[in-house]
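Student: I would like to work through this structure with you, one question at a time. Could we begin with the terms we need and then move on to the details?

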Amino acid sequence: MSEENQDQSVANPNGTPSVHTLKGMYETYFLDYASYVILERAIPSIHDGLKPVQRRILHAMKEMDDGRFHKVANIIGQTMQYHPHGDAAIGDALVKLGQHDLMIDMQGNWGDMRTGDSAAAARYIEARLTKFALDIAFNKETTEWQLSYDGRKNEPIDLPMKFPLLLAQGVEGIAVGLSTKIMPHNLGELIKVSIKILEDKKFSLYPDFATGGSIDVADYKNGKRGGKLLVRAKIEKKDKNTLIITELPYGVTTTSLIDSIIKANDKGKIKIKKVVDNTAKDVEVSIDLASGVSPDLTMDALYAFTNCSMSISPNACVIVDHKPLFLSVNEILRLSTDHTKDLLRQELEIRKADLLSKWHNANLEKIFIENRVYRDIEECETWEAVIETIDREMRRYIVDSENTALKNDQRLRLNRPFTQDDIIRLTEIKIKRISKFNAFKADEYISQLEQDLEETNHHLAHLTAYAIAYFENLYEKYGKHIPRNTEITSFEQIDVVQVAANNVKLYANIKEGFIGWGLKKDEEIRECSDIDDIIAFKKNGTFRVSRIGEKVFTGADIMHVDVWKKGDERTTYNLIYLDGKTGRAMAKRFNVMAVTRDKDYDLTSGHKGSKILYLTANPNGESEKVKVQLSQSCRAKKKIFEFDFDHLDIKGRRSKGNILTRYPVRKIEHLEVGQSTLGALELWMDEVSGRLNTEERGLFLGAFDTGDVIIALYAEGSYELINPDPMARVETKGLLHVAKHNADTVISAIHYDGEKEWSMGKRFQVETSGFNERISIVKDHPKSKLIYATTKSDVELEYFVMTKNNKEKWTVVLDDFIDVKGYKAIGNKLSEKVIKGVKELSSAPPTENAPDKKEKGGLKAGDTIELDF
C-alpha cells in the first residue's frame, strides 16, 4: 500500500466492512488522553476551584437538596448520571470533600484525616449541603450548562462560586506531564484578603491547616513552582521523661508519624521507650523517653529524623480558559475575587431585569383594571378584535419607551415596548383577581419595586462597594468564628549531627589507618552517632574527613582521630611539621571548618619527605608551651629551647606557618596548656541528659577559659571534675550540684556518716586534678550519703530531723561552723540523727562561679537540689 493511501479504508473483495490502518492514530491519541486527564480529572478550574468529579457531586447534591440528610450511596448513584467513572472514585472524592468541612454537612463515621482512618461504607453515612455551600455556590441563572457525557442531562461547566474555594480547601492532583498542589487557607483570612484586593491594598496570604502545627514561609514564593514550605508538628514537654505531640504537620497522619518515629528509634537516631497514639477529640501522641535522654534534644531529633518536620513544594496549577496555567496564590485570589465581583454584577443585572419586568406588568395590570379596559372587550366577537381593542385602549394611558412623549403628556412611560405578549397576559387575569383589586396595595407594590430598582441601580453603579459588603457579610456569618490553626514562625536550622543520639562507638586501627564502629578489637576512641564525620591526621602531614562506617580507610599511621563538626570555630590544632625540602621545622595554628569528604588535605609545604612532628587538638582554642630538643650533631648553639604557640595567630589550614628552627629536631615535649586565644566559652548543661552545649539549652554553668573545669557532686557521696568540652556529658542520676570550678572554690557539704550514724557538716577544697573520675568525700559505708552541697559562701541553712513526736529544726552557717579542711575530713557533727531536709534561707550574692544567667524556666547556677531521705 502506498504511503498516501495508508490512512485510507481498505475494502475487502467479499464486501465485508473496510479495515482502518493504525498509522496516525498514536500521533494524536496520547495528546488527547493527556488533555482529557488534565481538563477532566486532575486539575481544578480557576472559577469554582473544583475538579469535575467534585463539581458533579455538588451539583447532584443540590438537585437532591431538601434540607435533610441523604445516604452517601444515594448521592453517589445520582452523581453517576454526570460522572463517567466508577462509584469508588466518586465515593472517595465525596469523603475527601466532606472532610474539608466546608461544603458538606456529614453524619456518621466519615473517617479521620488526622489518623488516616477510612470512612464507613457509603450505605452507613449521610450528607447534605452546608448553608455556606448554598450561599456561595449555586445560582441557575448565572450558571453555564453543558450536556452530560451521555447527553441525557445538563450539568454546569463551572459552578457560580462567589468565594475562593480553591484556596480554602487546597487541592492535589497528578495529570499527564504536570501536577498541582495548592495549600488550604483560613476561610476568614481569605475573605479579609479579598476585601483588601477590592480596596486595592497590599496583602499577604499564607496557608492554614486543620491539623495545626507551625509553618516557615520564608521560601513559600506565594505558592508558585520552586517555592518551599516547612511544616512542623507541635511537641510539648509533659515532664522530663515524656513528650506529647498535640498538632500534626500538613499531610501527615498519626499512623505515618508513629511509623517514622519507630523507624528513627530502630536506626538509633533517637532513644525512646515507647510511643502511643491517644488521639480522640484532640491529637495526642505520647512518647516515653529512655532513661537519661534529654527531652529538648529528642525534640530536635524528632524534627530532624521523623515526619514531625516536613518540607512541602507547592505547585499552583489551575485551568484557565481550558488551558493549565501555573500561577501564584496571590494571582489565583485576585482572579477569584474578580470572578466573584463579575458574578455579583450578573446577579444584579438579572435582578434589575426581573424588577423592571415586574414593574412593567404591575403598571399594565393596574391601568387595565382601574380603567376597566376589560369591559371594552365584551362586545368583541373575535380574538383579533379583543387584541386590537386592548391595544387601542391601553395606549390611551401608556407610552412605549421607544416613543417620544409630548411635553404635557400625562400617560405612563413604560421601560420597554408594549407588545402582544403583554396583551395576552392581561387577558389571562382572572375575574376573582379583578374583583378583589386594591389600588392602594398596587401602588405600594409598585413603589416598593421602584425602591428596589433604585437600590439595584445603585449597587451596579458602585459594584466594588457592593462586593466588599458581600464579603463583609460572608465574614460575619462564617469567617469570624474560624480561628487560624497553624502558627506562622521561623524555624532554626537543626544540625542533624548535633541532635543525633550516640548510638555507636568509634574505634581506630592507628597503624593500618582504618576507623569505624566495627573494629572492636582495636583502640576505642569515643562514643558517637552513625552519621558523624571523623577527622584523621596522619604522620605524612595530611588529614582526611570521612563519614563513619563499619570500617573506613583513611590512610596509614594515624596520629590523631576524633569526631569533626562542620563550622567548628573553636577547635584549634597546634602543629609542628618538618619541611621535606628545606629541613626546617615549621609551626602553625589552624582550624578545619569546611572540607570535602574523603579527600586528603596536605598541612605541610607539600614537599617529599615532609611529616608531622607534633600535633594537638584544643577544643577551646588553647595555646600551649612545648620544649624542643634539637639533634646533638647539629651546629645550633642552643639545642634545647621552649616555644609558646601563643605567639602564633590562628590561620587557615593552607598556611605554611612560621619557622621554628632550621636545624633537625630530635624531640618535642608538651610543657603546659596556655590560655584560650578565642575568649571564654559559655556552656550550658541540659538538665535531663546532662549533655553540655553552647545552644543555651538548660542550666547555665558559666564562661570557661583555659584551666577552668566543671565540678559535679553526687548524692552517693562523691564528686567528679569534668573537662568543659561541648561534646562532654554530666551524669544526672543522683546529681546534687554542678557548677564551674577552680582551685580556690570551697565546697560546703552536709553528709551522713553511716558508721557513726551522725549527720556531719564539712567544708573542703578539691585536691585532685584528674578528669571523669569519681572521688568519694564520705566514709566508705553502705549507709553513708551526701545530703547537701554547694559552692556558695555564707549560706544560712535550715535543716530538720524527725523525732517520735515532731519535726525538729535548726539553722547553721557552715562558714562559721567549721573551717576549710581536706576532702577526706569527716567534719563536725550537726545531729545524731539523719537530717531529712535542708533549705537555704539566705546566701551571699552569686560569685563568678555562679553567673546569674538561666534558661527560661530553668535553674540558676548554684541553686540547690534538695533531697529528702
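Tutor: A residue counts as buried when its relative accessible area is under 20%. Please keep in mind throughout that this is a predicted model.

Student: Which residues of strand E42 point one way, and which the other way?
Tutor: Strand E42 covers residues 747–753, and 7 of its 7 residues are buried. Both sets of side chains therefore fall under the 20% cut-off. Ser748, Ile750 and Tyr752 point one way, while the other way point Ile747, Ala749, His751 and Asp753.

Student: Which residue of E43 stands opposite aspartate 753?
Tutor: E42 is joined to strand E43 (residues 758–764) by 7 bridges, and the two run antiparallel. They form a hairpin with 4 residues between them, and glutamate 757 in that turn has a positive phi of about 60 degrees. The residue of E43 that stands opposite aspartate 753 is tryptophan 758.

Student: What is the bridge partner of isoleucine 750 in E45?
Tutor: E42 is also joined to strand E45 (residues 785–790), in the antiparallel sense, by 5 bridges. Within that pairing, the bridge partner of isoleucine 750 is tyrosine 788.

Student: Which residue in the turn between E15 and E16 has a positive phi?
Tutor: Strand E15 (residues 317–320) is covered on both faces, with Cys317 and Ile319 buried on one side and Val318 and Val320 buried on the other. E15 pairs with strand E16 (residues 323–326) in the antiparallel sense over 4 bridges, and isoleucine 319 stands opposite proline 324. The two strands form a hairpin with 2 residues between them, and the turn residue with a positive phi, of about 55 degrees, is aspartate 321.

Student: Which strands stand at the edges of the open sheet that contains E36?
Tutor: The sheet has 3 strands in the order E37-E36-E38, with antiparallel pairing. Each edge strand has a single partner strand, so one side of it is left without a neighbour in the sheet, and these edge strands are E37 (692–693) and E38 (699–704).

Student: At what angle do helices H10 and H15 pack, and is that roughly parallel or roughly perpendicular?
Tutor: Helix H10 (residues 329–370) and helix H15 (residues 463–479) have axes 10 Å apart and pack at an angle of about 105 degrees. Angles of 65 to 115 degrees count as roughly perpendicular, which makes H10 roughly perpendicular to H15. The contact includes Leu344 and Leu348 of H10 together with Tyr470 and Phe471 of H15, and its residues divide into 7 nonpolar, 3 polar and 2 charged. The angle is about 105 degrees, and the class is roughly perpendicular.

Student: How many residues apart in sequence are the parts that phenylalanine 543 and tyrosine 601 tie together?
Tutor: Among the 16 aromatic pairs, this one has ring centres 5.4 Å apart and planes at 20 degrees, so the pair is stacked. Phenylalanine 543 lies in strand E24 (residues 542–547) and tyrosine 601 in strand E29 (residues 601–602), so the parts tied together are 58 residues apart in sequence.

Student: Is tyrosine 614 buried or exposed?
Tutor: Tyrosine 614 forms a stacked aromatic pair with phenylalanine 645, at 6.4 Å centre to centre and 20 degrees between the planes. Phenylalanine 645 has 0% relative accessibility and counts as buried. With a relative accessible area of 9%, tyrosine 614 is buried.

Methods: Residues numbered from 1 in each chain as written. Predicted model: local features only at pLDDT ≥ 70, side-chain atom pairs only at ≥ 80, totals over all residues. Heavy atoms only, no water. Pairing = 2+ DSSP bridges. Axes fitted to C-alpha atoms, helices over the stretch in contact; angles between N-to-C directions. Parallel < 35°, antiparallel > 145°, perpendicular 65-115°, else oblique. Contact = heavy atoms within 4.5 Å. Nonpolar A, V, L, I, M, F, W, Y, C, P; charged D, E, K, R; others polar. Buried < 20%, exposed > 50% of the residue type's maximum accessible area, 1.4 Å probe, protein only. Phe/Tyr/Trp six-rings, centres within 6.5 Å; stacked < 30°, edge-to-face > 60°.
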